[in-house]
Amino acid sequence: EFITEDFRSSVQEVLSKALKGLEDSNFAFPLVTKDGRRLEILLNATSRRDVDGHIIGVVGIGQDITARIAQEEEYSKLIDT
């Protein structure tokens, strides 16, 4: 419910690929907080392996890049004027 409908399958695909050993990095998508705010998240998904190299899970790290995107948009506006 926190991942917008239009990005759910893409996020699921990133995590599913990581479970198969195909790691994905820097996948950006919007996330809606409990209080309704929209955040832009940068996701990195990495396979977690046991000592024998078998995949046993996924480590997903999400970084809030909302402020960075707003700053880049502001810079772009300044350059265009």
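This is a short walk through one sheet, the helix across it, and two residues of interest, Phe29 and Ser47. Keep in mind that the model is predicted.

I'll start with the sheet. Three strands make up an open sheet, ordered 1-2-3, with antiparallel pairing. Strand 1, residues 24-32, and strand 3, residues 55-64, are at the edges; each has a single partner strand, so one side of each has no neighbour in the sheet. On average, neighbouring strands here are turned by 30 degrees against each other, direction ignored. Strand 2 covers residues 38-49, and seven bridges connect strand 2 to strand 1.

Next, the helix. Helix 1, residues 5-19, lies across strand 1, strand 2 and strand 3. Against strand 1, the helix runs at about 145 degrees.

Now Phe29. Across from Phe29, in strand 2, is Ile41. Is Phe29 buried or exposed? Its relative accessible area is 5%, and the cut-off for buried is under 20%, so Phe29 is buried. Phe29 also belongs to an aromatic pair, and the structure holds one such pair. The partner is Phe27: the ring centres are 6.1 Å apart and the planes are at 25 degrees, so this pair counts as stacked.

Last, Ser47, which is in strand 2. Ser47 is buried as well, at 10% relative accessibility. What does the side chain of Ser47 reach? It reaches the backbone oxygen of Ala18, at 2.4 Å. Setting aside neighbours within four places in sequence, Ser47 is in contact with Ala18, Gly21, Glu23, Ile55 and Gly57.

Notes. Residues are numbered from 1 along each chain as its sequence is written. This is a predicted model: local features need pLDDT of at least 70, side-chain atom pairs count only at pLDDT 80 or more; totals for chains, interfaces and linings use all residues. Side-chain values use heavy atoms; hydrogens and water are left out. Two strands pair if DSSP finds at least two bridges between them. Helices (H or I, at least four residues) and strands (E, at least two) are DSSP runs, numbered from the N terminus. Axes are lines fitted to C-alpha atoms, for helices over the stretch in contact, and angles run from 0 to 180 degrees between N-to-C directions. Contact means heavy atoms within 4.5 Å. Rings of Phe, Tyr and Trp (its six-membered ring) pair if their centres lie within 6.5 Å; planes under 30 degrees apart count as stacked, over 60 as edge-to-face and the rest as tilted. Buried means under 20% relative accessible area, exposed over 50%, partly exposed in between (1.4 Å probe, protein chains only). A polar contact is a pair of N or O atoms within 3.5 Å; within protein, one must be able to donate a hydrogen and the other to accept it, and residues adjacent in sequence count only if both atoms are side-chain atoms.
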